[in-house]
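Me: I am new to this structure and would like a close look at one part of it, the place where chain A and chain B meet. Please take me through that contact with care, and then add whatever helps to place it in the rest of the model.

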There are 2 protein chains.
Amino acid sequence: MSAPTVEFFFDVGSPASYLAWRQLPRIAAETNAVIAFRPMLLGGVFKATGNASPVTVPAKGRWMTDDLQRWARRYGVAFGLNPNFPINTLTLMRGAAGMQMRHAERFVAYVDAIYRAMFELPRDLGDADVLVATLREAGFDPTGFAALVADPEVKARLIATTEEAVARGVFGAPTFFVGEDMFFGQDRLEFVREALLGQRTGAA
Amino acid sequence: MSAPTVEFFFDVGSPASYLAWRQLPRIAAETNAVIAFRPMLLGGVFKATGNASPVTVPAKGRWMTDDLQRWARRYGVAFGLNPNFPINTLTLMRGAAGMQMRHAERFVAYVDAIYRAMFELPRDLGDADVLVATLREAGFDPTGFAALVADPEVKARLIATTEEAVARGVFGAPTFFVGEDMFFGQDRLEFVREALLGQRTGAA
């Protein structure tokens, strides 16, 4: 019996993706599933689909702050909405794509450090000095990181994943796929879990 | 100990509000809560807040169709997305506001008949003949209904509820309030239930 797979399309600037990042390992453990991490650029997805951040509707943005806190409490996850939100995540997501391509063994540590700086501490990662300090604290060499995010193959990978996401119907983050079934939002993780259990049964 | 109250702001054109309409009585029964029905005009809410129907982003609209079907299956609720969607619900919502004002004992039967025609059968309620037939089948006199929805006080009530909703932070439907805590979406009914339980405990 092969392990079921959940593809996880995310951007480090998305607070709902952060909550999903913290919950998905537990769900994968409970369903014997493998997580396929798919770092994408949410800004690119918005541009391609005509979608926009919920905070562009002020009333929706205000409610979302409460809603995210409710979910964080339910999950027992530390969460502070970043006052610098929304930030441009291009460099950070190139970093995620690059880590996955060139330093796969450190990919999770990298995303974890960025998410922690973004939604736990929280810090202004749009400030280059703050990013350098954050990378150093997590054991990453800022010079190597600068080279990684300037690598044309890394840039191309992030673009390709973003384009693939849009082609498959993604319009926001986080988005999950179990086979061809798509689930949008960290608030759909229960459906993701059921799909993984169904796939496991189906493959038995 | 007084019964906790959940305010339910809804529009009959909203499929997620329909799912909430079908689930809320069960939650109210389980929590000994009272439902305060607040018919509002979703189009007016969108206009006032700058929000828009999710279907205005085509990729989001496609996913929502799947998502609503998943929830309907989970709830065991008959659901067919109306092919005439989105429709102008002004007359229908004036009807809801009017029933609540002038024929409170038939309010639930009216909304139920409209929701059934909208999302179970489904029918094109934008067609006047179809609406008349739907009203007749549910035991409502179409002539009386026409007078009701033309009543200036009824029109004013719908406007007032819509304006109140916007003033309190509503940007979409369904929206629930338990005290001053706001919950958006039928997918937040579990939080609504918890809030009702908390309010009951708090008041004990």
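Reply: What follows describes the contact between the two chains, then a pocket, and then a few local features.

This is a predicted model, in which local features need pLDDT of at least 70 and side-chain atom pairs count only at pLDDT 80 or more, while totals for chains, interfaces and linings use all residues. Residues are numbered from 1 along each chain as its sequence is written, chains are lettered from A and ligands numbered from 1 in the order in which they are written, and side-chain values use heavy atoms, with hydrogens and water left out.

The contact (heavy atoms within 4.5 Å) takes 23 residues from chain A and 23 residues from chain B. Between them an area of about 2100 Å² is buried, and carbon and sulfur atoms give 58% of it; buried area here is the accessible area, found with a 1.4 Å probe, that two parts lose on being put together, summed over both. On the side of chain B, the residues that lose the most area to chain A are B:W63, B:R70 and B:F191, which together make up 29% of what that side buries.

Charged pairs also cross this boundary, and the count between chain B and chain A is six salt bridges, each being a side-chain nitrogen of Lys or Arg within 4 Å of a carboxyl oxygen of Asp or Glu. Side chains of opposite charge can pair when their charged atoms come close. A:D187 forms such a bridge with B:R188, where the closest N and O atoms are 2.9 Å apart.

The elements of chain B that give two or more residues to the side touching chain A are α3, β4 (181–184) and α9, where helices (H or I, at least four residues) and strands (E, at least two) are DSSP runs, numbered from the N terminus. Of these, α3(B) gives the most, with eight residues. By class, that side of chain B has 10 nonpolar, four polar and nine charged residues, with Ala, Val, Leu, Ile, Met, Phe, Trp, Tyr, Cys and Pro counted as nonpolar, Asp, Glu, Lys and Arg as charged, and the others, Gly among them, as polar.

Elements of both chains also line the second largest pocket, since α1 (15–31), α3 (58–75) and α9 (189–203) of chain A and α1 (15–31), α3 (58–75) and α9 (189–203) of chain B each supply at least two residues of its lining. The pocket is an open set of points on a 1 Å grid over the protein atoms alone, where a 1.4 Å probe fits, with protein on both sides within 12 Å along at least five of seven lines, and its lining residues have an atom within 4 Å of a point. The lining has 25 residues, of which A:W71, A:R74, A:E190, B:W71 and B:R74 lie nearest the centre of the pocket.

Away from the contact, the side chains of A:E164 and A:R38 meet in a salt bridge (2.6 Å, N to O). This pair links distant parts of the chain, with A:E164 in helix α8 (residues 152–167) and A:R38 in strand β2 (residues 34–39) of chain A, 126 residues apart. The peptide bond from A:A173 to A:P174 is cis, with omega near -5°, and A:P174 is found in the loop between α8 and β3 (175–178) of chain A.
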